[in-house]
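Hi,

Here is the structure I promised to send over. Have a look at it first, and then read my notes underneath.

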Amino acid sequence: MAARGRHRPTRRRFTAGALALAALGAEAAYTVASPAGRASATGGCAPNESIPMGKYWINNNTWGAKNGKGWSCAWDTYTSGSTIGWGTNYEWSGDPNAVKSYASSVLGWHWGWKVAQTGLPVRVSDQKPVRTAWSYKVTESKESVYDVAYDLWLHDSDRTDWRSRPKHEVMVWLAKDGGAGPLGTKRERLEIGGAAWDLYVGDIGWHVYSFVRVGNTTSASLDLDDFLQALVRRGLVDRTDYLSGVEAGTEVFTGKAQLDTTAYSVNVG
């Protein structure tokens, strides 16, 4: 299928986490232009800059910048209990099939731990609710190829650090534009949380399961455990696995835009 004159990326492109290990040692290879971006006093535009926000932190994750040229900035706007507001803007050019950045909020594990008392990890068999609410707006000033998605990390142990290899990556796409598409092949359509989702299954050295919402939305109220239990019922995730990390942000391929999160929260248990 074509969208806006592009062929739908078959994800020769990887997920936001797929090359995160490489990102840890590849910053010198990035081609990052000087941004005309916005950043608060506690925000910034440096590659992989982090902004603490209570139990979360914002990650200006530019792991794929070597696949193009441009910049990404991220900033905080407020913290109120377990709810935060934050934003990101960007401008990228280059391979339209390769993700350049994934500015995102992080709860729990992201190739290690920055914050204690996140409520994670939790064992999948415990079926603890992982309730999340997210309201956001995307403003495009130049044709952009992107998705807005959660990224969940699962391990086979509750003891993880920066060296721990994930067993599964589970993405929940709320929106996409410009022809962005998930890794792998479509398996089926199912209903979770009052919406229809297409489930894609892929592998990049660990399993990647992507739930792509049928129809974009700019707000969501979900129990992320519902997606994990759907995978358990299909024999794709073991009940003995652990959910270690929950991220939420925008994967960017190309273009110029801004995402403003007006309210975001994740509560475990």
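**Helix α2 and the cavity beside it**

Helix α2 is mostly covered, with seven of its nine residues buried. Those buried residues are D225, F227, L228, Q229, A230, L231 and V232. After α2 comes G235, which has a positive phi, near 75°. Before you read too much into any of this, keep in mind that the model is predicted.

α2 also helps to line a cavity. The count comes to one cavity of 30 Å³ or more, and the largest cavity has a volume of about 40 Å³. Its lining is made up of V122, R123, V124, Q127, K128, V130, D225, L228 and L243. Two elements give two or more residues to that lining, namely β8 (122-123) and α2 (225-233). If you want to find the spot in your viewer, D225 and L228 are handy starting points, as they are on the list of buried α2 residues and also on the list of lining residues.

**The overall picture**

Stepping back, the protein chain has two helices and 15 strands. It runs to 269 residues, and 53% of them count as buried. The accessible surface comes to about 10800 Å², with 47% of that belonging to carbon and sulfur atoms. Then there is the matter of who touches whom: if you take contacts between residues at least 6 apart in sequence, 75% of them join residues at least 24 apart.

**Strand β7 and its neighbours**

How many of the eight residues of strand β7 are buried? Eight of the eight are, so β7 (residues 101-108) is largely enclosed by the rest of the structure. β7 pairs with strand β4 (residues 56-59) in the antiparallel sense, over three bridges. In that pairing, W57 has V106 in β7 as its bridge partner. β7 also pairs with β15, again in the antiparallel sense, over eight bridges. There, S101 has V252 in β15 as its bridge partner.

One residue of β15 that I looked at in more detail is G249, and β15 itself covers residues 242-268. G249 counts as buried because its relative accessibility is 0%, and the cut-off for buried is under 20%. What does G249 touch, leaving aside residues up to four places away in sequence? The list is W86, Y102, A103, S104, W134, D147, V148 and A149. Y136 is not on that list, but I worked out its spacing too: the C-alpha atoms of G249 and Y136 are separated by 10.0 Å, with their positions 113 residues apart along the chain.

**Charged pairs**

Side chains of opposite charge can pair when their charged atoms come close. This structure holds eight salt bridges. Here are some to look up:

- D198 with K186: the closest N and O atoms are 3.4 Å apart. This pair links distant parts of the chain, with D198 in strand β12 (residues 195-203) and K186 in strand β11 (residues 185-192), 12 residues apart.
- D198 with R189: these side chains meet in a salt bridge at 2.7 Å, N to O.
- R187 with E188: the closest N and O atoms are 3.3 Å apart.

Are the partners buried or partly exposed? D198 is buried, with a relative accessible area of 9%, whereas K186 is partly exposed at 44%. In the other pair, R187 is partly exposed at 44%, and E188 is partly exposed at 22%. Elsewhere, salt bridges that share partners join K167, D238 and D241 into one network.

**One more residue**

Last on my list is E143, which lies in strand β9 (residues 130-155). E143 counts as partly exposed because its relative accessibility is 38%, which falls between the 20% and 50% cut-offs. E143 and D177 are 34 residues apart in sequence, and their C-alpha atoms are 9.2 Å apart in space.

Shout if anything is unclear.

Cheers

Notes
Residues are numbered from 1 along each chain as its sequence is written. This is a predicted model: local features need pLDDT of at least 70, side-chain atom pairs count only at pLDDT 80 or more; totals for chains, interfaces and linings use all residues. Side-chain values use heavy atoms; hydrogens and water are left out. Helices (H or I, at least four residues) and strands (E, at least two) are DSSP runs, numbered from the N terminus. Buried means under 20% relative accessible area, exposed over 50%, partly exposed in between (1.4 Å probe, protein chains only). Contact means heavy atoms within 4.5 Å. Accessible areas come from the Shrake-Rupley method with a 1.4 Å probe; for residues, only the protein chains shown count as cover. A salt bridge is a side-chain nitrogen of Lys or Arg within 4 Å of a carboxyl oxygen of Asp or Glu. Two strands pair if DSSP finds at least two bridges between them. On a 1 Å grid over the protein atoms alone, a cavity is a set of points where a 1.4 Å probe fits but cannot get out, and a pocket is an open set with protein on both sides within 12 Å along at least five of seven lines; lining residues have an atom within 4 Å of a point. Grid points are joined across faces, edges and corners, and a volume is the space filled by probe spheres set on the points.
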